[in-house]
Amino acid sequence: MAIARDGTATEGYENNTSCTFSKTISGSDRFLLVSWKHYGNDDCTGVTYNGVAMTSISSIALPVEGGYAKAYGLTAPDTGTHNVVISRTSSNHIVATASSYTGVSQTGQPEATGTDSGTPVTQIRPTATVTSSNAWLVGVAVASFNGSNMGAESGTSMVLENTLVLVGLQACYD
């Protein structure tokens, strides 16, 4: 089965100790990716979808903004419309997006990860080695509110998910 996006991403924003928003998932061989940035301390206490704990995939400090970008994943999330809940101990901005995919292998996810904080920040190029054929490399990037543009390297394509663009985290799913 080929990998496909399961509809569109959903987005949440809170200036609190948690961020809660709903996400609808359908199809078979499902995978859910929740990515976000937050200001302040690295104090995430967990992420859930329909009450099920998600697994941390990657985290990177945002030196310019004084916060972190994070990605969590869940293989075989429940179908239907359920809440994504991101929790942390301090109250500060959380901006998040959730994207779901179908046709994803239900074991060994993610296949690979890579990070890059970018120096200068206009040249973020994380790397992850893909070994499976027909794999998708999904990136999570955070653009400052300074008119930054994002693009893909030659030979690749990029899909933007909501206003939080999907700093330099990526994971491979097959």
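**Legends to the close-up views**

**View 1. The salt bridge between K70 and D42.** With a relative accessible area of 44%, D42 is partly exposed, since this value falls between the 20% limit for buried residues and the 50% limit for exposed ones. In this predicted model, its partner K70 counts as buried, at 7% relative accessibility, so the two ends of the pair fall into separate accessibility classes. The side chains of K70 and D42 meet in a salt bridge, with N and O 2.6 Å apart. The pair links distant parts of the chain, K70 being in strand 7 and D42 in the loop between strand 3 and strand 4, 28 residues apart. Side chains of opposite charge can pair when their charged atoms come close.

**View 2. The salt bridge between R88 and D43.** The count of salt bridges in the model comes to 2, and the pair shown here is formed by R88 and D43, whose closest N and O atoms are 2.7 Å apart. Because R88 lies in strand 8 while D43 belongs to the loop between strand 3 and strand 4, the pair ties together parts that are 45 residues apart in sequence. R88 counts as buried at 5% relative accessibility, and D43 is likewise buried, with a relative accessible area of 10%, because both values are under the 20% limit.

**View 3. The largest nonpolar core.** This core holds 16 residues, of which L32, V34, W36, V47, M54, V84 and I86 touch the most other members. Two or more residues each are given to this core by strand 2 (10–25), strand 3 (31–39), strand 4 (44–49), strand 7 (67–75) and strand 8. The largest share comes from strand 8, with 5 residues. A second, separate core has 7 residues, including F31, I57, Y101 and V104. In soluble globular proteins, nonpolar side chains tend to be buried together. For the protein as a whole, buried residues make up 40% of the 174 residues, and carbon and sulfur atoms supply 48% of the exposed area of about 8,400 Å².

**View 4. The surroundings of I86.** When residues up to four places away in sequence are not counted, I86 touches T17, S18, C19, V34, W36, G46, V47, I94 and A96. V47 is also the bridge partner of I86, which stands in strand 8. W36, another contact of I86, stands opposite A96 in strand 8, and A96 is itself among the residues that I86 touches.

**View 5. Strand 8 and the strands that pair with it.** The protein has 0 helices and 11 strands. Strand 2 is joined to strand 8 by 15 bridges, the two running antiparallel, and within this pair T24 stands opposite T81. The antiparallel pairing of strand 3 with strand 8 involves 8 bridges, whereas strand 4 and strand 8 pair in the antiparallel sense over 5 bridges. Strand 1 (residues 4–5) also pairs with strand 8 in the antiparallel sense, over 2 bridges, and here A4 has T102 as its bridge partner. In a regular strand the side chains alternate between the two faces of the sheet.

**View 6. G103 beside I3.** G103 is placed in the loop between strand 8 (80–102) and strand 9 (112–115). Its relative accessibility of 7% means that G103 counts as buried. Although G103 and I3 are 100 residues apart in sequence, their C-alpha atoms are 4.3 Å apart in space.

**View 7. Confidence along the chain and the stretch 161–174.** The mean pLDDT of the protein is 74, and 61% of its residues reach 70 or more. Among the elements, strand 5 (residues 52–53) has the highest mean pLDDT, 98, and strand 11 (residues 169–173) the lowest, 41. Over residues 161–174 the pLDDT is below 50, yet this stretch has 102 contacts in the model beyond near neighbours in sequence. Where pLDDT is low, the predicted coordinates should not be read in detail.

Note on methods:
Residues numbered from 1 in each chain as written. Predicted model: local features only at pLDDT ≥ 70, side-chain atom pairs only at ≥ 80, totals over all residues. Heavy atoms only, no water. Helix = DSSP H or I, 4+ residues; strand = E, 2+ residues; numbered from the N terminus. Buried < 20%, exposed > 50% of the residue type's maximum accessible area, 1.4 Å probe, protein only. Areas by Shrake-Rupley, 256 points an atom, 1.4 Å probe, with all protein chains shown as cover. Core = buried A, V, L, I, M, F, W, Y, C linked by side-chain atoms within 4.5 Å. Contact = heavy atoms within 4.5 Å. Salt bridge = Lys/Arg side-chain N within 4 Å of Asp/Glu carboxyl O. pLDDT = per-residue confidence, 0-100. Pairing = 2+ DSSP bridges.
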